[in-house]
Amino acid sequence: MFGKRSEAVEAVQEFRAPVAEGLSNYIIVILDSCRWDTFVEACPKTLMKLGEVERRYSYASWTAPSHYNLLMGLMPHTSPQYVFASEYYKKDFLKFNERLGAEGVSFRSLVPRLYLPDYLRTTLGYVTRAMVSLPVLNSHTPLNSGFDSFRLMPDHNDMAAMVDAMTFLPDRPSFYLLNVGETHYPYALPSEPKNEWPRISGVHGVFKHLDDHVVGGKLVGEEEPRFFDQNQLDVLRARQVDAVRYLDGVFEKLFDTVPENTYITVTSDHGELFGEDGYFGHGPVFHEKVFEVPFVEGRIR
Ligand SMILES: [Zn+2]
């Protein structure tokens, strides 16, 4: 812990931007692959304390482009009709004033980089940190820009370990991106032994590589698996619901951990298909259910 603290202090000394009074800590939590109706069925009471849960739509059907979009500051959208996209973006960005406790933040503020971590760090003086679960978001990807620290977690499904690793400074607001993997295939909780995870028959190494290999129910560069039957898909769907229920307890821990004056946004990077119209998973899938995501945000105290 001491090492982490030193690293944080060193990073902060690089800042030139003054910190405006009263800025909030800001945390975005992405429940990877959590589809809208999974969230509704799980009915996570602690999470719902943040505010009204909205059905929104992801800009992308896969992890990497969706996170890029989120880090541009564009949250999943409401799919409004009869509205110009540029007007929607402008309005969507104004919400950052409430999230950050700031004034004057607009879409224009992020020009020319158009990347939220850079803006938060260099203009507003935030300490910016990411902890991610999926290897496609590892720290060598271009997503790691404007972050003081960016960490691929050792286990893909342990949000509680992220909460344990969070630190906050008394004199600088913090921004955290948490990419949470319990809701990602195979929807395994940290306590579940790996040999009990559901398996696709005839396939090896699939769990190790996660998004590298499993995309939309097809395997890339390996033996073609047998597709799941609907009973297996129903079991998988129930596992994702259980994962959200479990995570609700981890959110309680998160809410107890963060300082006062912290704003939290919780959403997904995309949905997931469980057999609808012959699809499983996400990625190369064009289906409403892969774009529908839950969205809830607010202050917990
Ligand atoms: Zn994802």
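In the predicted model, Asp248 touches Pro44, Lys45, Thr46 and Leu47, leaving aside residues up to four places away in sequence. Asp248 itself belongs to helix H8, which spans residues 230-257. Although this acidic residue is buried, no salt bridge is formed by Asp248. The nearest side chain of opposite charge is that of Lys45, at a distance of 7.5 Å, whereas a salt bridge would require a side-chain nitrogen within 4 Å of a carboxyl oxygen. The backbone of Lys45 offers a contact of another kind: its nitrogen lies 3.0 Å from a polar atom of the Asp248 side chain.

Two further aspartates take part in binding a metal. The zinc ion is coordinated by Asp32 and Asp269, each through OD, together with Thr63 through OG1 and His270 through NE2, at 2.0 to 2.1 Å. Because the four donor atoms subtend angles of 98 to 128° around the zinc ion, the arrangement is tetrahedral; this class requires that all angles lie between 85 and 135 degrees. Along the chain, the donors follow the spacing D-x30-T-x205-D-H. Asp32 is located in the loop between strand S1 (25-31) and helix H2 (36-42), and Asp269 in the loop between strand S8 (262-267) and strand S9 (273-274), so the pair ties together parts that are 237 residues apart in sequence. Asp32 and Asp269 are both buried.

The zinc ligand Thr63 is also one of the buried residues of helix H3. Seven of the nine residues of this helix (residues 63-71) are buried, and H3 is therefore largely enclosed by the rest of the structure. In addition to Thr63, the buried residues of H3 are Ala64, Ser66, His67, Asn69, Leu70 and Leu71. The elements that cover them include S1, helix H5 (116-123), strand S5 (174-180) and S8. Two of these elements, S1 and S8, also border the loops that hold Asp32 and Asp269. Just after H3, Gly73 adopts a positive phi of about 95°.

A further buried side chain is found in the loop between strand S10 (280-281) and helix H9 (288-291), where His282 is placed. His282 counts as buried because its relative accessibility is 4%, the limit for this class being under 20%. The side chain of His282 is joined to that of Glu272 by a polar contact of 2.5 Å.

Key:
Residues numbered from 1 in each chain as written. Predicted model: local features only at pLDDT ≥ 70, side-chain atom pairs only at ≥ 80, totals over all residues. Heavy atoms only, no water. Donors = N, O, S within 2.8 Å, 3.2 Å for Na, K, Ca; no water. Tetrahedral: all angles 85-135°; square planar, octahedral: opposite > 155°, others 65-115°. Helix = DSSP H or I, 4+ residues; strand = E, 2+ residues; numbered from the N terminus. Buried < 20%, exposed > 50% of the residue type's maximum accessible area, 1.4 Å probe, protein only. Lys, Arg positive; Asp, Glu negative; His and termini not counted. Polar contact = N/O pair within 3.5 Å; in protein donor to acceptor, adjacent residues only side chain to side chain. Contact = heavy atoms within 4.5 Å.
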